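User: Hi! I am new to protein structures and would like to learn how to read a sheet and a ligand site. Could you walk me through this one?

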Amino acid sequence: MTAPLPESENLNSSGVLELSTSGEAEAWDPEKILTWAIKNFHPRLALSCSFGNPEGLVLLDMMHRIEPAARVFVLDTGRLPQETYDLIDRVRDRYDKRVEVVCPEAGAVQEMVAEHGMNLFYESLEKRQLCCRLRKVEPNRRFLADLDAHVTGLRRDQGVTRTEVRKVEIDAGPGIVKVNPLADWSLDDVWRYVRANGVPTNRLHQAGYPTAGCAPCTRAVRPGEDPRAGRWWWENPDTKECGLHVDEESEGSGI
Ligand code: SF4
């Protein structure tokens with residue numbers, strides 16, 4: 001059951017985002033999109049930040065400047081690297097920010113590892129997707145169910161599964177608004193903002209990790225190699241999503 005969308009100048013009487021807003025937003029810069037989102041949805045809006053890529057931290061910095069009480073949450077899968085936990089605490093100190101930590105259902109994870117082992121994700125696509133579903137997708141759904149909108153760091157050039165990302169869209173899963181302010185940014189744009197604003201980032205980037213996901217499923221890549229090669233490197237590129245950002249029915253490979 002998803003929560004109804006709130007009254008908003010950009011929502012029609014059925015609670016549906018006006019298409020004109022979505023189209024108009026394509027020309028907006030990230031700060032304008034975030035200002036619009038915070039004005040319309042805060043505090044039922046939260047940034048989904050993995051603390052494992054610079055995009056999330058850029059957005060956290062931007063949102064904090066617009067509204068210091070802007071919400072941020074992280075999915076703690078239980079398999080994150082120490083560097084990511086360190087970064088969460090660095091952000092808490094730097095911004096005096098309360099980070100909302102969302103955990104998987106303990107019973108479901110216990111049952112999964114008892115049945116399939118601790119490192120099931122290496123054995124098959126199905127088992128990897130099961131692990132992602134229990135440790136990421138279900139906790140994410142549970143958290144989003146209490147929101148009207150969420151913000152993500154998705155960019156269109158991040159891989160074959162993300163080329164259609166729009167700056168403002170409806171997230172078909174939870175049925176809430178999904179805001180992707182960096183959709184048309186390049187990775188260079190992201191790092192330029194990080195350097196210009198002294199944004200804290202994950203120390204694993206300095207060790208060759210383009211992103212830092214769960215420790216057993218993330219690795220460093222060689223210079224010039226596709227950044228997505230650092231995630232689930234034993235799988236086909238078309239299946240490289242954890243299920244957080246794909247429509248399960250249409251994409252199939254999401255979870
Ligand atoms: S990334 Fe790996 S360890 Fe993390 S939830 Fe997915 S399969 Fe499990």
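Analyst: Happy to! Keep in mind that this is a predicted model. Let us begin with one pair of strands: β1 (residues 45-48) runs parallel to β2, and three bridges link them.

User: Which residue of β2 is the bridge partner of Ala46?

Analyst: That is Arg71. Now look at the pairing of β2 (residues 71-75) with β3 (residues 99-102): this pair is also parallel and has four bridges. Here Val74 has Val101 of β3 as its bridge partner.

User: What kind of unit do β2, helix α4 and β3 make?

Analyst: They form a right-handed β-α-β unit, in which α4 covers residues 82-95.

User: In which order do the six strands of the open sheet lie?

Analyst: The order is β3-β2-β1-β4-β6-β5, and the pairing is mixed. The edges are held by β3 and β5 (168-171); each has a single partner strand, so one of its sides has no neighbour in the sheet. On average, neighbouring strands are turned by 30 degrees against each other, direction ignored.

User: Where do side chains point in a strand?

Analyst: As a general idea, side chains in a regular strand alternate between the two faces of the sheet.

User: Let us turn to the ligand. How many residues surround the ligand, and which are the closest?

Analyst: There are 13 around the ligand, and the closest are Phe121, Cys131, Cys132, Cys214 and Cys217. Sorted by class, this shell contains seven nonpolar, two polar and four charged residues.

Notes: Residues are numbered from 1 along each chain as its sequence is written. This is a predicted model: local features need pLDDT of at least 70, side-chain atom pairs count only at pLDDT 80 or more; totals for chains, interfaces and linings use all residues. Two strands pair if DSSP finds at least two bridges between them. Helices (H or I, at least four residues) and strands (E, at least two) are DSSP runs, numbered from the N terminus. A crossover is right-handed if, with the strands pointing away from the viewer, the path from the first strand over the helix to the second runs clockwise. Axes are lines fitted to C-alpha atoms, for helices over the stretch in contact, and angles run from 0 to 180 degrees between N-to-C directions. A residue is near a molecule or strand if its C-beta atom, placed from the backbone, lies within 6 Å of it. Ala, Val, Leu, Ile, Met, Phe, Trp, Tyr, Cys and Pro count as nonpolar, Asp, Glu, Lys and Arg as charged, and the others, Gly among them, as polar.
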